[in-house]
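Take a moment to turn the model around on your screen before reading on. We'll walk through it together, one piece at a time.

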Amino acid sequence: VGPVYVLGMTETELAAQVQSQLMLYFKKDFQLQARIVVSYKLFYAIGEVLATKGRQKLEPDMTFLDAMFAVQWTPLANLGRVYLIRPDAENPLVLEINFREMLTTGNMTTNARMHERDILYIPPTFLGLIARLLERVLQPVGVAVNTMLGVARIRTAYEVATGQQDSLYFRF
């Protein structure tokens, strides 16, 4: 039926409107039920995040502290330099927050309220940056090693199946 204006309608009113529009096309009485689903607001978490990176549910009255504990952080996180970014086409706001100080001193002056579509970026420490770099460099090596191990497993299974080897255990 195309776009339907639903602002201010109840579920019953919406079902009746869609039903009347469908009757224009199908000449048959449809029994419809409409559900209005309330979508939740989001913020984004990236970087050294333990929870799933990306979209996170924004709870009502959520603060920076609440968001940090909701997404958690990895051991490689630089908690002294966490960024809260308010995206805007003309004037984006970037707040650098010392989360470690907030935890150790209880000083909540930088505990900003989270807004919809805010970005929480938890960067790695210098050593964490090196660890992530090594992880990326060694990833192809890991794929090659896993492939070689898979081939060895297949070969061993073949030898056991054909009777060339007694069992799956190595003998020394």
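Here is a tour that starts with the whole chain and then zooms in on its parts.

First, a word of caution: what you're looking at is a predicted model. The protein chain has 4 helices and 5 strands, and if you follow the sequence from start to end, they come in the pattern α-β-β-α-β-β-α-β-α. How does the chain's radius of gyration compare with that of a compact globule of 172 residues? Such a globule would come out near 16 Å, but this protein chain has 28 Å. Put a box around the C-alpha atoms along the principal axes, and you get roughly 80 × 60 × 30 Å. Of the 172 residues, 27% count as buried. The chain exposes about 12,900 Å², with carbon and sulfur atoms supplying 60% of that area. Now think about contacts between residues with a separation of 6 or more: 55% of them involve residues 24 or more positions apart.

Next, find the sheet. Strands of a sheet pair through backbone hydrogen bonds, and they can do this either parallel or antiparallel. Here, 5 strands form an open sheet in the order β2-β1-β5-β3-β4, and the pairing is mixed. Why do β2 and β4 each have one side without a neighbour in the sheet? They stand at the edges and each has a single partner strand, so nothing in the sheet sits along that other side. As you step from one strand to the next, the twist averages 25°. For a closer look at one pairing, pick β1 and β5: these two run parallel and are joined by 4 bridges. One residue to look for is Tyr44, whose bridge partner in β5 is Ile119.

Now add a helix to the picture. Helix α2 packs on the sheet, where it touches β1, β2, β3, β4 and β5, and its direction makes about 60° with that of β5. Which residues of α2 (residues 64-71) are buried? They are Phe64, Leu65, Ala67, Met68 and Val71. These residues lie on the same side of α2, because they cover an arc of only 160° around the axis. And what do the buried residues of α2 pack against? Their partners are the strands β1 (42-47), β2 (54-57), β3 (82-86), β4 (93-97) and β5 (119-122), together with the helix α3 (99-105).

Let's look at the backbone on either side of this helix. In the loop between β2 and α2 you'll find Asp61, which has a positive phi of about 60° although it is not a glycine. Asp61 counts as exposed, because its relative accessibility is 60% and the cut-off for that label is over 50%. Just after α2 comes Gln72, with a positive phi of about 60°. Another one to find is Arg117, in the loop between α3 and β5. Arg117 is not a glycine either, and its phi is positive, near 70°. With a relative accessible area of 40%, Arg117 is partly exposed.

Finally, visit another arginine, Arg86, which lies in strand β3. Is Arg86 buried or exposed? Arg86 counts as buried, because its relative accessibility is 16% and buried means under 20%. Leaving out residues up to four places away in sequence, Arg86 touches Pro92, Leu93, Ala112, Arg113, Met114, His115 and Asp118.

Methods:
Residues numbered from 1 in each chain as written. Predicted model: local features only at pLDDT ≥ 70, side-chain atom pairs only at ≥ 80, totals over all residues. Heavy atoms only, no water. Buried < 20%, exposed > 50% of the residue type's maximum accessible area, 1.4 Å probe, protein only. Arc of directions from axis to C-beta. Contact = heavy atoms within 4.5 Å. Pairing = 2+ DSSP bridges. Axes fitted to C-alpha atoms, helices over the stretch in contact; angles between N-to-C directions. Rg over C-alpha atoms; globule rule 2.2 N^0.38 Å. Areas by Shrake-Rupley, 256 points an atom, 1.4 Å probe, with all protein chains shown as cover.
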